[in-house]
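Student: Can we go through this one together? I'd like to talk about its pocket and a couple of odd backbone angles.

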Amino acid sequence: MMQSNVFIDELGLDTFIGLHEWELTDRQTVVADIVITIDISQAAKEDDVSFSLNYEELAAHLRSWAHDNHCKTVENFAYDIIAIIKDRHPNAKKIKLCLTKVGVVPHTKSCGVSVEVDLSK
């Protein structure tokens, strides 16, 4: 078995997120960094992405989902993304997700949440 990390860096997810009135009407871009630990041995052997994780398909799905979604908190948004990944890729062993909101808190570059889920247990 060959455990590897498939990753998507700086995926822009345009969504409605937040508690303030303007956040209910103006989409914001939440930046997602995703690392998924998965067995890629069959994909490597067969040279076939269907045995791995198609990050282009996952990125497109998450962008579409985020566009139609609204969450009050980044934490809820993160847990929803984790649930989507688990559902679409049940063979994932671990998921690391970092979500960043840029420019929403004065005097900061960014704020967000980082979540790590070990699914191998």
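Tutor: Sure. A pocket here is an open set of grid points with protein on both sides within 12 Å along at least five of seven lines, and lining residues have an atom within 4 Å of a point. Keep in mind that this is a predicted model.

Student: Which residues lie nearest the centre of the largest pocket?

Tutor: Start with the volume, about 260 Å³ for the largest pocket. Its lining takes in 14 residues. Helix 1 (21-25), helix 4 (74-88) and strand 5 (110-118) each give two or more residues to that lining. Nearest the centre are Glu23, Lys72, Val74, Lys101 and Val104.

Student: How many residues of each class are in the lining of the largest pocket?

Tutor: Asp, Glu, Lys and Arg count as charged, so Glu23 would go in that class, while Val counts as nonpolar. Going through the lining by class gives 6 nonpolar, 4 polar and 4 charged residues.

Student: On to the backbone. Is Glu10 buried or exposed?

Tutor: Glu10 sits in strand 1 (residues 3-17), and its phi is positive, about 55°, although it is not a glycine. The cut-off for exposed is over 50% relative accessible area. Glu10 has 66%, so it is exposed.

Student: And where is Asp47 placed?

Tutor: Asp47 also has a positive phi, near 55°, and it is a residue other than glycine. Its relative accessibility is 73%, so Asp47 counts as exposed. As for its place, that is the loop between helix 2 (41-46) and helix 3 (55-67).

Definitions and conventions:
Residues numbered from 1 in each chain as written. Predicted model: local features only at pLDDT ≥ 70, side-chain atom pairs only at ≥ 80, totals over all residues. Heavy atoms only, no water. 1 Å grid on protein atoms, 1.4 Å probe; cavity = no way out; pocket = protein on both sides within 12 Å on 5 of 7 lines; lining within 4 Å. Points joined across faces, edges and corners; volume = space filled by probe spheres on them. Helix = DSSP H or I, 4+ residues; strand = E, 2+ residues; numbered from the N terminus. Buried < 20%, exposed > 50% of the residue type's maximum accessible area, 1.4 Å probe, protein only.
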